Amino acid sequence: MTTLSEIGAAKYVLLTTFRKDGSGVPTPLWGAPDGDRLLLWTVTDSWKVKRIRRTPRVTIGVCDVRGNPTGPQIEATATICDDAGTDRARAVIARKYGILGWIGVKSSLLRRGRNGTVGVAVRVGA
């Protein structure tokens, strides 16, 4: 069985959130392991954030840059991070992805400001 740390080690993570009708909406994202959770980072007003606020059930797995799964997807629970958690998500993602991660985080802060993006914490079995 795939573990959260194995998924977190991959370059791209496929996060699938669920609509009211139960259909899944997969999205490839950058993600980085942080203890017993995986931290992701996305635009605050995105539909995936709205879906997570409604129902925290998600699936997560490894994918390629286009969102094609390259391994099994596992059931997990997602929560939207507070300001401190979002700062932590930015930091671990910038560290994992090196110069590209740093540029992505900093340019997003310039474009959208501190409240324009939000961290998402994913845990298995929570």
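## Notes on the predicted model

1. Let's start with Pro33, which is in contact with Gly8 and Leu38 once neighbours within four places in sequence are left aside. Keep in mind while reading that this is a predicted model. Pro33 belongs to strand β3, and with a relative accessibility of 40% it counts as partly exposed. The partner Gly8 is 25 residues away in sequence, yet the two C-alpha atoms are 4.9 Å apart in space.

2. Next, the inside. The largest nonpolar core has 17 residues, and the members touching the most other members are Ile7, Leu15, Leu38, Leu40, Val58, Ile60 and Val122. Several elements feed this core with at least two residues each: helix α1 (4–9) and the strands β1 (12–18), β4 (37–43), β5 (57–63), β6 (74–80) and β7 (117–123). There is also a second, separate core of 11 residues, with Leu39, Val92, Ala94 and Ala121 among them.

3. If you want one residue to click on in the core, try Leu15. Not counting residues up to four places away in sequence, Leu15 touches Val25, Pro26, Thr27 and Leu29, then Leu40, Lys48 and Ile52, and finally Val58, Thr59, Ile60 and Val122. Of these, Leu40, Val58, Ile60 and Val122 also appear in the group that touches the most other core members, as does Leu15.

4. How many aromatic pairs does a search of the whole structure find? The search turns up one. It is formed by Trp30 and Tyr97, with ring centres 4.4 Å apart and planes at 10°, so this is a stacked pair. Trp30 sits in the loop between β2 (24–29) and β3 (31–34), while Tyr97 sits in the loop between α3 (83–96) and α4 (98–112), so the stack ties together parts that are 67 residues apart in sequence. Trp30 is partly exposed, at a relative accessible area of 23%, whereas Tyr97 counts as buried at 13%.

5. Staying with Tyr97: its contacts, leaving aside neighbours within four places in sequence, are Ala10, Lys11, Tyr12, Trp30 and Gly31. For a sense of spacing, Tyr97 and Ser107 are 10 residues apart in sequence, and their C-alpha atoms are 14 Å apart in space.

6. On to the charges. The count comes to five salt bridges. Asp34 is the one to look at here, as it pairs with Arg37, where the closest N and O atoms are 2.9 Å apart, and also with Arg88, where the closest N and O atoms are 2.5 Å apart. Asp34 lies in strand β3 and Arg88 in helix α3, so their bridge ties together parts that are 54 residues apart in sequence. Put together, Asp34, Arg37 and Arg88 form a linked network of salt bridges.

7. Are the members of that network buried or partly exposed? Asp34 and Arg37 are both buried, with Asp34 at 12% relative accessibility. Arg88, on the other hand, counts as partly exposed at 36%.

8. Arg57 has two things going on. Arg57 makes a salt bridge with Glu75, the closest N and O atoms being 3.6 Å apart. Since Arg57 is in strand β5 and Glu75 in strand β6, the pair ties together parts that are 18 residues apart in sequence. The charged end of Arg57 also sits over the ring of Phe18, 3.8 Å from its centre. Both bridge partners are partly exposed: Arg57 has a relative accessible area of 38%, and Glu75 comes in at 47%.

9. There is another charge over a ring to check. Here the charged end of Lys50 sits over the ring of Trp47, 4.4 Å from its centre.

10. Last, a residue I'd look at twice: Arg51, in helix α2 (residues 47–54). Which side chain of opposite charge is nearest to Arg51, and how far away is it? The answer is Asp21, at 9.0 Å, and Arg51 has no salt bridge despite being buried. A bridge would need a nitrogen and a carboxyl oxygen within 4 Å. What Arg51 does touch, not counting residues up to four places away in sequence, is Thr17, Phe18, Arg19 and Val25. Phe18 is also the residue whose ring lies under the charged end of Arg57, and Val25 is also touched by Leu15.

Note on methods. Residues are numbered from 1 along each chain as its sequence is written. This is a predicted model: local features need pLDDT of at least 70, side-chain atom pairs count only at pLDDT 80 or more; totals for chains, interfaces and linings use all residues. Side-chain values use heavy atoms; hydrogens and water are left out. A nonpolar core is a set of buried Ala, Val, Leu, Ile, Met, Phe, Trp, Tyr and Cys residues joined through side-chain atoms within 4.5 Å. Buried means under 20% relative accessible area, exposed over 50%, partly exposed in between (1.4 Å probe, protein chains only). Helices (H or I, at least four residues) and strands (E, at least two) are DSSP runs, numbered from the N terminus. Contact means heavy atoms within 4.5 Å. Rings of Phe, Tyr and Trp (its six-membered ring) pair if their centres lie within 6.5 Å; planes under 30 degrees apart count as stacked, over 60 as edge-to-face and the rest as tilted. A charge sits over a ring if NZ of Lys or CZ of Arg is within 6 Å of the ring centre and within 35 degrees of the ring normal. Lys and Arg count as positive and Asp and Glu as negative; His and the chain ends are not counted.
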